[in-house]
Amino acid sequence: MNGRTDHTPRTDQPEELSQMTPAGHRTIPVDPATAVRLTPLPIHDVTLRGFWGERQRLNREKVIPHCDEWLERAGWVGNLRAAVNGTLATDRVGRLFTDSEIYKIMEAMAWEVAREPSPRFEARLAELSRLLTEAQAADGYLNSFYDYPGGPERYSDLEWGHELYCAGHLIQAVVSRLRAGHDDALVAVGRAAADHICREFRADGRDGICGHPEIETALVELYRATGERRYLDQASRFVERRGNRTLGDTMYGGRDYYQDDVPIRDAPVLVGHAVRALYLTAGAIDVAVETGDQALLEHLAAQFDRTLERRTYLTGGMGSHHHGESYGEDFELPADRAYAETCAGVASVMVAWRLLLATGEPRYADIIERTLYNIVATAPSDNGDAFHYVNTLHRRSMSVLPDPNHPSLRRTDGMRAAWFTTSCCPTNIARTLASLGGYIATVDGRGLQVHQYVDGEIQATLPDGRAVGISLETAYPLDGTVRLRVTQSDGVPWALSLRVPGWTEKATVRYGATTHQLAPGTATVTEAWQVGDELTLDLGMMPRWVRPDPRIDAVRGCAALERGPLVYCLESADQHEVDLNLVEVDTSAPFAVREPDDLPGSLAITVSGTVRDEAAGDWPYLPDQTGRPARQVELTYVPYHRWGNRGPSAMRVWTPAVGGA
């Protein structure tokens, strides 16, 4: 017995059902129960190789075990043991939301064992589930920071307590197990917690919301997985309560920090803490879809669109204020002060994917691609044992190497850290990569849509029950050629739709003896496909300069380099004895593309530029700065997602530019 409120041992847990993923179970991260434009595919129907396949392998072999080791090492799993033993008053360590990181790693493991069996992950899931069962109170409440003798009371700090946030991540882990066909101890714990929340926060119950949204989308997904309407009703209740100023004010700019300043239907753009805002938007989209609230859905789409147009970095990152990890004003996007938290990138993908399913608009797949390659792929190191928390676009000085043996208190030193005192980002990366196959392709009544280009295989069942399949052969994003071959078809016509990214200018598709020019958007070929039929998509991969909107004052007069979906950057590892703060790039000069020796699997781009001498004297403001001597240099750009893998460095994405675009 642990002394928790109303705690008695739970005895109603079903036995573990190991390695059960029967036909008919839809192992999908987002699985709307109500009809939407596009229907997602289960993760086990999509096999990833190449760029993302390697990252899934790294996630399975290194990232998830690394995170799990740190959960023990930092003492956060130990908090649950202390809850069971009744020693939380003396033994608890870490921030008040550490339980959520355990749940995210459990979710990552659950997706992984659904994708490919893993006795190691199954055993760990069973071990942690038993611990949660013992730590859970009889009424379903579960949290290691509250509700123990001498500790704070339940729900006594809804602004900062993260209780519902933690429960949301527990429920997300449960959904991943349910969708893979398991009804085990973890599922029982999560459903008991969800039922407790529905009782506690019902219409005539506690009138409150969580300062950190997450519970909303978790409850909707639990409704989708179980069919139990009360979960959807409670999620809708939380969404509608938001903005009624029930949470206390905060030093981070007022109640807009946690989106409680105005009702969600009245907010024109995302504000406040970026992760909170995006999680709330994802949950509200889920509610709108399942309740048929088209007006709310359209408002949320317009809200996100405005955020993309005015408050999003070139990389897809969101959040320009370190204070409050929050959005700035429109076009307030300083490169050297970019926060662009990794979790915000994950959450942006969550929102864009839901809008893609609901609307079918390919531009949402474009932002998913941009964010996946330039935020999600950037966060983990090449070795999978260190992570970026923030994703700045300009590191003025050499980054600082953190102590690999202790959680990092600092998130903005430039180098990836092995762990953080607030470690939401590594665990978020783990669950995203594990479930990534669910974000690649969809089906509708016409056929199959490919949204992200991967080397791999796609099997799908169309709404009328027909089985179709294609293989994709590509080196994307190194190369823009994607060869698609039909691997399963019954000879009855169906449509194969391909996203043509907004960044491409010379895309073509070749089918048979005919080549067609393509404009950005969607290209659809409808045929009575036969097994072995092929078509080739060529997206073109010439390097290109992009310029900022002049309202983004911080980088006006600068240019950034892109190639395909990848943003590029200058890194001091390639520019010996060159101060990156003094360079200018000639955007009229020719490009040279090569594979760097120290970044295998990537392409570097070199172009001419200049570096000016430092100004003489002790005053940085002169009538004319252009008269300072300058010398020619060769500037080497590398993919942004690879920066920081070669040791401490300075870096910049936007470079002052001369010459034509």
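This briefing covers the sheet, the helix packing and the nonpolar cores of the structure above. The model is a predicted one, and its seven-stranded open sheet is paired in antiparallel fashion. The largest nonpolar core holds 193 residues, while helix H4 (residues 98–115) packs against helix H6 (residues 163–179) and also against helix H2 (residues 76–85).

**The sheet and the helix across it**

- The strands of the open sheet follow the order E2-E6-E7-E8-E13-E10-E11, with strand E2 (46–49) and strand E11 (514–518) at the edges, where each pairs on one side only.
- From one strand to the next, the twist averages 15°.
- Strand E6 (residues 455–461) and strand E7 (residues 467–474) run antiparallel and are joined by six bridges; within this pairing, Ala460 has Val468 in E7 as its bridge partner.
- Helix H1 (residues 50–73) lies across E2 and E6, and its direction makes an angle of about 95° with E2.

**Packing around helix H4**

- The axes of H4 and H6 come within 8 Å and cross at roughly 10°; because angles under 35 degrees count as roughly parallel, the two helices H4 and H6 are described as roughly parallel to each other.
- On the H4 side, the residues that meet H6 include Tyr103, Met106, Ala110 and Trp111, and their counterparts in H6 include Tyr165, His169, Leu170 and Ala173.
- Sorted by class, this contact of H4 with H6 consists of nine nonpolar, four polar and four charged residues.
- The axes of H2 and H4 likewise come within 8 Å, but they cross at roughly 110°, so H2 and H4 are roughly perpendicular to each other.
- Trp76, Val77, Asn79 and Leu80 of H2 make this second contact with Thr98, Asp99, Glu101 and Ile102 of H4, and by class it has four nonpolar, two polar and two charged residues.
- Asp99 of H4 takes part in the contact with H6 and also in the contact with H2.

**Nonpolar cores**

- Within the largest core, of 193 residues, those with the most contacts are Trp52, Leu448 and Ile458, and helix H12 (residues 342–359) supplies the largest share, 13 residues.
- Leaving aside neighbours within four places in sequence, Leu448 is in contact with residues that include Leu41, Val443, Ile458, Ala460, Ile470 and Trp494; among these, Ala460 is the residue whose bridge partner in E7 is Val468.
- Apart from the largest core lies another one, of 22 residues, among them Phe331, Ala338, Val546 and Met651.

Conventions
Residues numbered from 1 in each chain as written. Predicted model: local features only at pLDDT ≥ 70, side-chain atom pairs only at ≥ 80, totals over all residues. Heavy atoms only, no water. Axes fitted to C-alpha atoms, helices over the stretch in contact; angles between N-to-C directions. Helix = DSSP H or I, 4+ residues; strand = E, 2+ residues; numbered from the N terminus. Parallel < 35°, antiparallel > 145°, perpendicular 65-115°, else oblique. Contact = heavy atoms within 4.5 Å. Nonpolar A, V, L, I, M, F, W, Y, C, P; charged D, E, K, R; others polar. Pairing = 2+ DSSP bridges. Core = buried A, V, L, I, M, F, W, Y, C linked by side-chain atoms within 4.5 Å. Buried < 20%, exposed > 50% of the residue type's maximum accessible area, 1.4 Å probe, protein only.
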